[in-house]
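Open the model in your viewer and get ready to select residues. This short tour goes stop by stop.

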Amino acid sequence: MYLFDTHTHFDVPEYDSKRDDYNHTAFTHGVRHVVLIGYLAKYFDRMRQVKCYADDHYSIKHHLACGLHPLYIKEHGDDDLYILDNYLNKYPNIAIGEIGLDTYPDELKSVDNYNKQCRFFIEQIGLSKRHDLPILLHIRKSHADTLKILKMQKYNAHNQGGIAHSFSGGENEALHFAKLGFKIGITGQITNPNAKKLRQAVKTVFDKIGISAFVIETDCPDMNPIPAQIGGNYFNEPKNLIYVLDELSVLFNMDKEILAYKLWQNSNDAFKTNFDYG
Ligand SMILES: [Zn+2]
């Protein structure tokens, strides 16, 4: 059984002393690919260093997905779009991420911040087209506007790929994104019995579209699945992807081996890659 962690921040320094161990444990739990996701341009080099180290030392394949995260909108300057463009020219990236809209914190609802988020989102969709890369969406409390921008920009995820990462919307929104060709990224949040809206959305998409709509992710170091929160531990790691798989296998009433294989194929679909299973 092999797993593809489609969204991690495994490059953050909190892992520096543990990354060797965590890679080893994740590998023994079946994890074969992890994607390092960008949020601020100043950390692209760090992501690349972790990826280069992994290429030489780990059996788990690491991929880069550089991008400018909407939550950090106040910190991005126009220069960062050039830096990103440069990075995409110079280094192999599997996608652009994470990009999108986030109006959860009050300060990001202000007209200035919100307009800037929209502008950076649109610019990065433009980059994704120029570089022919899928986009990895971060959307919080702004699903309708995100859909509007994707449609206005004529982004076609069926052709170009993409993931609505750590999905948090309702069932109608989930259906919209899935119909546009985005995979719905499921985190350890699905193991939380209180996440009723999420479970309902996931179940509805499964019933109406099928297993092809989903990929899994840890979003580590965040989103630690409930079964891994032993002793109040909220620090997540790639091996905990198994708990997301476990929960989905119960929710979909599907054999774990079959589910893992399908999710792997879906990851290839989302990234327009062709990695052999295992
Ligand atoms: Zn993330």
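Leaving aside neighbours within four places in sequence, which residues is His7 in contact with? Select His7 in this predicted model and look around the side chain. The contacts are Val35, Ile37, Glu98, His165, Glu217, Thr218, Asp219 and Cys220.

**Stop one: His7.** Show the strands. His7 sits in strand β1, which runs over residues 3-8. Switch on the surface: His7 has 1% relative accessibility, so it counts as buried, the cut-off being under 20%. Now add His9. The side chains of His7 and His9 are joined by a polar contact of 3.4 Å.

**Stop two: the annotated set.** Select His7, His9, Glu98 and Asp219 together. An unreviewed UniProt entry annotates these four, His7, His9, Glu98 and Asp219, as "binding site". They span 213 residues in sequence, yet no two of their C-alpha atoms are more than 11.2 Å apart, so they gather at one spot. Next, display the largest pocket. From this set, His9, Glu98 and Asp219 belong to the pocket's lining.

**Stop three: Asp219.** Move along to the loop between β8 (214-216) and α9 (241-251), where Asp219 is placed. Is Asp219 buried or exposed? The relative accessible area is 7%, so Asp219 is buried. Colour what Asp219 touches, not counting residues up to four places away in sequence: Asp5, His7, Thr8, His9, His165, Ser166 and Thr187.

**Last look.** Keep His165 on screen. His165 is among the contacts of His7, and Asp219 touches His165 too.

How values were computed. Residues are numbered from 1 along each chain as its sequence is written. This is a predicted model: local features need pLDDT of at least 70, side-chain atom pairs count only at pLDDT 80 or more; totals for chains, interfaces and linings use all residues. Side-chain values use heavy atoms; hydrogens and water are left out. UniProt positions are given in the numbering used here, feature names are shortened, and annotations may be inferred rather than shown by experiment. On a 1 Å grid over the protein atoms alone, a cavity is a set of points where a 1.4 Å probe fits but cannot get out, and a pocket is an open set with protein on both sides within 12 Å along at least five of seven lines; lining residues have an atom within 4 Å of a point. Helices (H or I, at least four residues) and strands (E, at least two) are DSSP runs, numbered from the N terminus. Buried means under 20% relative accessible area, exposed over 50%, partly exposed in between (1.4 Å probe, protein chains only). Contact means heavy atoms within 4.5 Å. A polar contact is a pair of N or O atoms within 3.5 Å; within protein, one must be able to donate a hydrogen and the other to accept it, and residues adjacent in sequence count only if both atoms are side-chain atoms.
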